[in-house]
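Subject: Structure for your review

Dear colleague,

Please find below the structure I would like to hand over to you. My notes on it follow directly after.

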Amino acid sequence: MQTMHTILVVEDEPELNQMVRDFLTHRGYETIEARDGASALRTVFERAPDLVILDLNLPTLDGIDVARTIRAQTTTPVIMVTARGEEEDRLRGFEVGADDYVVKPFSLPELAMRVAAVLRRGTGNGRSAGTPARIVVGDLVIDPDRRTVHVGDRPVHMTAAQFAILSRLAAHPGRVYTRLQLLESFQEDAFEGYERSIDVHIKNIRKLIEENPREPRRVVTVWGVGYRMEASP
Ligand code: CA
């Protein structure tokens, strides 16, 4: 028996907020709403939703700041909503740790699909059978069941997307993965237009696990192809 997931919908436009919540409720989720950035943060801390759908264009507190604060203090996944043409916002959103995004105007079934995918990743149910209990590469230790990452004794907190990418790379040290392959590790409908977002995720992963992110020794770039985890950094 699956427990019901609670989703916080942050959108200042009342009709759109209601429409999104109605659709998700119909799909079996519990939904709560916030209409500005400050109340969004309050609700995240008070109600601890399983996922946040976050419009970036909000009154009182910018969506990017909301996302940054959520990421700094919780592991709650965030799906950003950006307006068409706001490529910059999307990249900034990934930089502060959003897990996925949709562009307005979006279709409700598409949004629901992304919600389901992010929740699956978040709970680890999407992991295929036969995944090892722990992935160890040098002093990097990944525990897929507990969704934890350690470098030596130091715990490292990652977004769901960062965790999926790192896990895929670390499962086969030495093997080169293309951006599209890495994208597919956390986004089911991956296509080439989104590939560059991987670079942002990799940059953030390096900040978390590399001694010197400018000269990475764990996750290295394979020019013209993609990325590889070094077997013995
Ligand atoms: Ca808005």
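Are Arg114 and Asp100 buried or exposed? Both residues are buried. Please bear in mind throughout that this is a predicted model.

Salt bridges

The structure contains twelve salt bridges. One of them joins the side chains of Arg114 and Asp100, with an N to O distance of 2.9 Å. Arg114 belongs to helix α5 (residues 108-123) and Asp100 to strand β5 (residues 100-104), so this salt bridge ties together parts that lie 14 residues apart in sequence.

Another salt bridge is formed by the side chains of Asp199 and Arg179, at 2.6 Å from N to O. Here the link is between two helices: Asp199 is located in α8 (residues 197-209) and Arg179 in α7 (residues 179-184), so parts 20 residues apart in sequence are tied together. With a relative accessible area of 22%, Asp199 is partly exposed, whereas Arg179, at 13% relative accessibility, counts as buried.

The side chains of Arg228 and Glu230 also meet in a salt bridge, at 3.2 Å from N to O. Arg228 is partly exposed, its relative accessible area being 23%. Glu230 likewise counts as partly exposed, at 24% relative accessibility.

In addition, a network of salt bridges links Glu11, Asp55 and Lys104.

The calcium site

Asp55 appears again at the calcium ion, which is coordinated by Asp12 (OD), Asp55 (OD) and Asn57 (O) at 2.1 to 2.5 Å. The spacing of these donor residues along the sequence is D-x42-D-x1-N. How accessible is Asp55, in terms of relative accessibility? Asp55 is at 4% and therefore counts as buried. Asn57, in contrast, is exposed, with a relative accessible area of 57%.

The three-stranded sheet

Strands β10, β12 and β11 form an open sheet in the order β10-β12-β11, with antiparallel pairing. The edges are held by β10 (176-178) and β11 (219-222); each has a single partner strand, so one side of each is left without a neighbour in the sheet. From one strand to the next, the twist averages 35°. The antiparallel strands β10 and β12 (residues 226-229) are joined by three bridges, and the bridge partner of Thr178 in β12 is Gly226.

Helix α6 (residues 160-171) packs on this sheet and touches β10, β11 and β12, its direction making about 65° with that of β12. Helix α8 packs on the sheet as well, touching β11 and β12, and its direction makes about 145° with that of β11.

The contact between α6 and α8

Which angle do the axes of α6 and α8 make where they cross? The two axes come within 10 Å and cross at roughly 80°, which means that α6 is roughly perpendicular to α8. On the α6 side, the contact is made by Ala161, Gln162, Ile165, Leu166 and Leu169. On the α8 side, the contributing residues are Ile198, His201, Ile202, Asn204, Ile205, Leu208 and Ile209.

The four-stranded sheet

A further open sheet consists of four strands in the order β6-β7-β8-β9, and its pairing is antiparallel. Its edge strands are β6 (135-137) and β9 (154-156), each with a single partner strand, so that one side of each is left without a neighbour in the sheet. On average, neighbouring strands of this sheet are turned by 20° against each other, direction ignored. Within the sheet, β7 (residues 140-143) and β8 (residues 148-151) pair in the antiparallel sense over four bridges. The bridge partner of Asp143 in β8 is Thr148.

Helix α6 packs on this sheet too, where it touches β6, β7 and β8, and its direction makes about 115° with that of β7. Helix α8 lies across β7, β8 and β9 and runs at about 165° to β9. Thus α6 touches strands of the three-stranded sheet and strands of the four-stranded sheet. Helix α8 likewise packs on the three-stranded sheet and lies across strands of the four-stranded one.

Yours sincerely

Definitions and conventions
Residues are numbered from 1 along each chain as its sequence is written. This is a predicted model: local features need pLDDT of at least 70, side-chain atom pairs count only at pLDDT 80 or more; totals for chains, interfaces and linings use all residues. Side-chain values use heavy atoms; hydrogens and water are left out. Donors are N, O and S atoms within 2.8 Å of the metal (3.2 Å for Na, K and Ca); water is not among the atoms, so sites may look incomplete. Buried means under 20% relative accessible area, exposed over 50%, partly exposed in between (1.4 Å probe, protein chains only). A salt bridge is a side-chain nitrogen of Lys or Arg within 4 Å of a carboxyl oxygen of Asp or Glu. Two strands pair if DSSP finds at least two bridges between them. Axes are lines fitted to C-alpha atoms, for helices over the stretch in contact, and angles run from 0 to 180 degrees between N-to-C directions. Contact means heavy atoms within 4.5 Å. Angles under 35 degrees count as roughly parallel, over 145 as roughly antiparallel, 65 to 115 as roughly perpendicular and the rest as oblique.
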